[in-house]
Structure formats: structure tokens, C-alpha cells
Amino acid sequence: MSTPIPQPPGYPLLGNLTDIDPKSPFQSIKQLAQKYGEIFKLSTLGSDRYILCSERLAAEACNETRFVKGVSENLKQVRNGVGDGLFTAFHGEHNWELAHRTLVPAFGPLGITDMYDEMYDIATQLVSKWARTDPDEPIQVTEDYTRLTLDSIALCAMDKRFNSFYHEEMHPFVDAMTGFLRESGARSRKTRLELLLNQGPTRQYEKDIALMRSVAQEVIDKRRRTPTDKHDLLNAMLFGKDPKTGERLSDESVMNNMITFLIAGHETTSGLLGFTTYYLLKNPEALRKAQEEVDNVVGRGPVRFEHMSKLPYIEAILRESLRLSPTASAFSVTPKPGTTEPVLLGGEYLVPPNAILICWLPEIQRDRTVYGDDAEDFKPERMLSENFTKLPSASWKPFGNGARGCIGRPFAWQEAVLALALILQNFNLHMADPGYSLQIKQNLTIKPDNFYVKVSLRPGID
Ligand code: HEM
């Protein structure tokens with residue numbers, strides 16, 4: 001006998017469409033998890049999803065001998081812009097295997113070490129901008145973090161300078177990308193009839209896709225016109241060969257992956273820095289310790305590559321921030337192809353052989369059986385390496401799982417440690433509105449919304 005999987009009652013045809021507030025899925029799922037427990041089912045417009053909210057169920061879902069990546073309805077729409085790029089490829093798609101094997105070395109330790117100077121170049125642009133800002137002027141930090149991360153991935157991976165810190169407005173790529181991701185999400189919740197009757201959003205959607213592709217094409221064309229021997233991602237995409245088959249990526253696959261890297265390579269890390277700044281300002285003792293660590297390890301001189309592995313408290317802060325606010329909030333899996341019988345989860349729940357299981361990280365990473373009664377609190381100490389390595393396998397999964405986990409994780413980590421170290425070395429930070437409490441802006445990823453900070457140069461820094 002299996003345990004029935006609960007589901008909110010919903011409405012005919014619409015199913016559970018109204019149970020999740022698209023502006024605040026965090027809150028909606030938190031309430032549903034409180035009501036229904038570690039697993040529940042949601043049906044919308046004829047498609048069923050099972051939301052997993054506990055570590056023990058996530059640990060099973062992360063077993064790659066039983067489950068593979070599932071491409072959610074939302075990601076299927078994202079394929080309209082980036083096709084079978086790494087992030088959106090279906091399990092087993094040939095172009096994923098080819099691109100994965102060809103591009104993994106670019107993100108290996110050597111590749112990331114080589115990128116340090118360019119990351120530093122962009123991070124110091126943020127520092128220079130903040131140093132010139134009036135200490136009473138509120139800064140929308142999430143925008144500056146987006147400038148930082150977009151410019152870093154573009155420069156390090158493709159030798160392209162967006163120069164976002166030299167413009168008041170964000171680069172048009174950011175607007176097009178935001179519109180594209182928003183509309184991809186909206187389309188996954190629309191019926192075919194709605195899409196047909198209201199063509200306006202589709203036209204804008206197509207324009208946004210065209211703009212992203214033209215930016216990517218410009219970068220590709222420039223590299224073909226003026227080749228370099230830089231060991232960067234773009235050269236790996238254009239000229240690299242699959243070490244297994246000797247094949248090269250097709251032009252279409254290069255384009256899909258270029259846009260994938262520009263999107264996946266900056267949104268999430270920008271959100272990570274935004275949430276980290278928020279948590280530090282709400283937890284002055286953690287902020288003090290972090291600044292002390294930077295002062296002791298780096299002092300007043302330049303932040304160098306060798307410092308990156310010597311800042312354990314900063315790393316613990318970033319891990320704890322990603323635990324409470326995983327900027328990619330969920331990933332989906334589905335039983336392995338060829339599964340024909342219902343699958344038993346947690347020894348008690350039966351799901352269909354083609355079920356989409358959503359690992360909902362904000363709940364999984366707050367599982368009280370793992371993190372205790374203070375799971376809601378920001379406590380970097382629990383993420384110091386000696387504690388972090390003892391955590392159960394699925395209790396911290398902000399970078400996804402296994403073969404389909406994040407290829408850019410080492411890049412994001414180096415970028416975030418460097419940025420945080422530089423910021424803490426140079427500035428004292430204050431909440432612009434001391435009463436601010438966290439609001440979340442959700443697209444494919446999440447960021448703090450309406451979050452403003454004031455910065456002042458630390459005494460002795462000029
Ligand atoms: C995949 C999170 C930074 C590129 C993923 C996945 C997660 C994730 C959860 C798995 C998605 C799924 O299974 O559906 C994050 C977070 C980041 C980050 C939290 C920063 C804090 C980056 C960066 C890059 C990147 C900097 C590029 C330089 C990718 C790509 C994939 C991916 C290409 C698809 C991998 C595949 O399926 O082969 N990321 N990511 N990410 N990420 Fe990241």
C-alpha cells in the first residue's frame with residue numbers, strides 16, 4: 001500500500017494554476033509544503049508535477065541510476081531561444097553530449113585560473129564606481145551586480161566588453177533576456193488559444209530572441225574575423241573538438257550555447273551577491289567576521305588569486321546564502337527513459353513512470369531534520385568546510401545535480417569570492433532603508449527586489 005500524494009483541490013481545466021502566485025512562488029510553495037508536507041502534486045493545464053520538499057526525497061531524486069534531468073514546461077519554452085543548448089537540452093540529446101565533452105575543460109581549474117585577471121578587471125570597475133558614489137546615495141546593488149556578472153562572463157568567456165559600468169542604462173541584452181525569460185515563463189502557463197488570440201507578447205518575444213541572437217552573432221563574427229589564441233570558451237566552442245568523437249559543434253549549437261552562457265553565466269551569480277549583501281546587512285556579526293577575515297588574509301593590498309582559497313568564512317557565507325536563497329530555486333528530474341512501471345519514492349509514494357519531479361530547493365535546504373530548528377536563520381558557521389562536508393548529500397544542491405549540474409560553478413565561485421572580498425576590503429555597507437525586509441523578484445532565477453544599500457569607503461582607503 002502506498003501513501004496517497006496530496007494535491008490542492010484546484011479548478012476544472014485550470015487545475016492548480018491559481019495555487020502558485022507567479023510573483024511569489026516561494027511563499028506559495030512554503031504554504032503548500034506546510035499544509036501538505038514533503039511531497040505534493042500540482043496539475044496545470046493537463047501537466048502534472050510533483051514538488052519534493054525534503055532532503056530524503058531529494059536524495060532519491062538525485063540518484064542518477066534512477067532519474068535523469070527533466071525539462072520543465074518553462075524550460076521547454078526557453079528552448080524557443082536557445083534550442084538544445086546545455087541548460088535546456090533533453091536528456092540524451094546528441095548536442096548536449098557533444099557540447100558537454102567539448103566545453104568542460106574550459107571550466108576546469110586551469111581555465112578558471114586563467115580568467116582571474118579579467119574577473120579582477122571587472123570587479124575593480126564596480127569598486128571604482130562605488131568609491132565615487134556619495135555615501136548618502138542609495139545604490140541599487142542588484143543592478144550593479146548584474147553589470148559585474150554580465151561583463152565578467154562576456155569578457156572572460158568571449159573577450160567581449162559590454163562596459164556596463166560606463167553606461168547609465170543596462171546593455172540591451174539584459175532587457176531582451178529579462179523579457180525573453182519572463183515571457184517563456186508566462187507562455188508555459190498559457191493555453192494555445194490564449195497564445196493565438198493575444199499575439200502582442202509573442203511579437204515582443206520574437207524581437208527579444210532576435211536581439212539576443214544578434215549580440216551573440218556579433219561576438220562570433222568578430223572572433224572569426226580576428227582570431228586569437230586565447231584559451232577561452234568561445235574558441236573552445238568554435239574550434240574545439242569532442243575528445244570522444246572528434247566532432248565539432250555546429251554553428252547553431254555554438255549560437256545556442258553562447259546565449260545560454262550569457263544568460264546562465266550572470267543571472268544566478270548576480271542574485272547570489274545580492275542575497276549575500278542582504279544577509280550580511282541583517283547579520284552584523286557575520287559581516288564583522290567577514291571583514292576581519294579579509295583584513296587578516298588580504299590586508300590593504302590587491303586581492304590576488306592565491307587569496308581565493310584562503311577565505312573560508314567568506315565561502316561559508318556564500319554557501320549559507322545559497323542555502324536560504326538558492327538563486328536557481330529548483331531543478332527537475334524524471335524517471336530514466338525506459339521506465340514503464342510507477343516508481344516508489346521514499347518507500348511510500350508512487351509516481352507515474354513519466355513523472356516530472358521538482359526538487360524545490362528553498363524547502364529542501366531548510367529541512368529541519370538536517371538543519372535543526374534554526375534552519376530559517378542565517379548562520380555561516382554551519383557551512384564552514386568541517387561542517388559542510390558532513391551534510392547529507394541532497395541537503396545543499398544550489399548548483400543542481402550530477403552530469404546536469406552547473407558547469408559554471410567554479411567560475412561563479414571565484415567571481416563571487418573575489419567580488420565579496422574586494423567589497424568588504426574597501427567599503428562599509430549600510431541598508432538604505434533599515435526597515436527593509438526581503439522581497440523577491442522572480443524570473444527564471446531569483447534576486448532581492450527593491451533592495452538599496454549605501455556604501456562608504458573604509459577609513460584609510462582612498
Ligand atoms: C546548470 C545553478 C552559475 C552555466 C545549472 C543548474 C543549476 C545551476 C541549479 C542545473 C539546472 C537543471 O538541472 O535544470 C547555478 C548557480 C550559479 C550558476 C546557483 C551561481 C551562483 C553559472 C555560471 C555559468 C553557468 C557562472 C556559466 C559560466 C550553467 C550551464 C548549465 C548550468 C551551462 C547547464 C549544464 C548542463 O546541463 O550541462 N546551474 N549556476 N552557471 N549552469 Fe549554472
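Author: Before we start, one term: two residues are in contact if their C-beta atoms, placed from the backbone, lie within 7 Å. Keep in mind too that this is a predicted model.

Reader: OK, so leaving out residues up to four places away in sequence, which residues does M212 touch?

Author: M212 sits among the buried residues of α10. It also belongs to the largest nonpolar core, where M212 is one of the residues that touch the most other members. Not counting residues up to four places away in sequence, its partners are G81, F173, A176, M177, F180 and I259.

Reader: Which element gives the most to that core of 88 residues?

Author: Among the members of the core with the most contacts to other members are A123, L233, A419 and A421. The element that gives the most to this core, with 11 residues, is α19.

Reader: And how many residues are in the second, separate core?

Author: That second core is separate from the one we just discussed, and its members include L42, L52, V351 and A355. In general, nonpolar side chains tend to be buried together in soluble globular proteins. The count for this second core is 29 residues.

Reader: Back to α10: what do its buried residues pack against?

Author: Start with the helix itself: its 26 residues should span 38 Å at 1.5 Å a residue, and the end C-alpha atoms are 37 Å apart, which agrees. Besides M212, its buried residues include Y205, D208, I209 and R223. Those buried residues pack against α3, α8, α11 and α12.

Reader: How far apart are the end C-alpha atoms of α8?

Author: Helix α8 runs over residues 172-188, and its buried residues, F173 and F180 among them, pack against α3, α7, α10 and α12. At 1.5 Å a residue, its 17 residues should span 24 Å. The model agrees with that, since the end C-alpha atoms are apart by 24 Å.

Reader: Now for the ligand. Which residues of the shell are the closest to it?

Author: The ligand has 25 residues around it, and by class these are 14 nonpolar, 9 polar and 2 charged. Helices α12, α13 and α19 each supply at least two residues of that shell. The closest are G265, T268, G400, C406 and G408.

Reader: Is C406 buried, partly exposed or exposed?

Author: C406 is in the loop between α18 and α19, and the unreviewed UniProt entry annotates it as "binding site". Beyond four places in sequence, it is in contact with F399 and G400. It has 19 C-beta neighbours inside 10 Å, and buried takes 20 or more. C406 therefore counts as partly exposed.

Reader: How far is I122 from N163 in space, C-alpha to C-alpha?

Author: I122 lies in helix α6 and counts as buried, with 26 C-beta neighbours inside 10 Å. N163, by contrast, is in the loop between α7 and α8 and counts as partly exposed, with 14 such atoms within 10 Å. They are 41 residues apart in sequence, but in space the gap is 8.8 Å.

Reader: Which value is phi of D159 near?

Author: Most residues other than glycine have a negative phi. D159, found in the loop between α7 and α8, has a positive one. N163 in that loop is also positive, near 50°. For D159, phi is near 60°.

Terms used:
Residues are numbered from 1 along each chain as its sequence is written. This is a predicted model: local features need pLDDT of at least 70, side-chain atom pairs count only at pLDDT 80 or more; totals for chains, interfaces and linings use all residues. UniProt positions are given in the numbering used here, feature names are shortened, and annotations may be inferred rather than shown by experiment. Helices (H or I, at least four residues) and strands (E, at least two) are DSSP runs, numbered from the N terminus. A residue is buried if 20 or more other C-beta atoms lie within 10 Å of its own, exposed if 12 or fewer, and partly exposed in between; C-beta atoms are placed from the backbone. A residue is near a molecule or strand if its C-beta atom, placed from the backbone, lies within 6 Å of it. Ala, Val, Leu, Ile, Met, Phe, Trp, Tyr, Cys and Pro count as nonpolar, Asp, Glu, Lys and Arg as charged, and the others, Gly among them, as polar. The expected span of a helix is 1.5 Å times one less than its number of residues. A nonpolar core is a set of buried Ala, Val, Leu, Ile, Met, Phe, Trp, Tyr and Cys residues joined through C-beta atoms within 7 Å.
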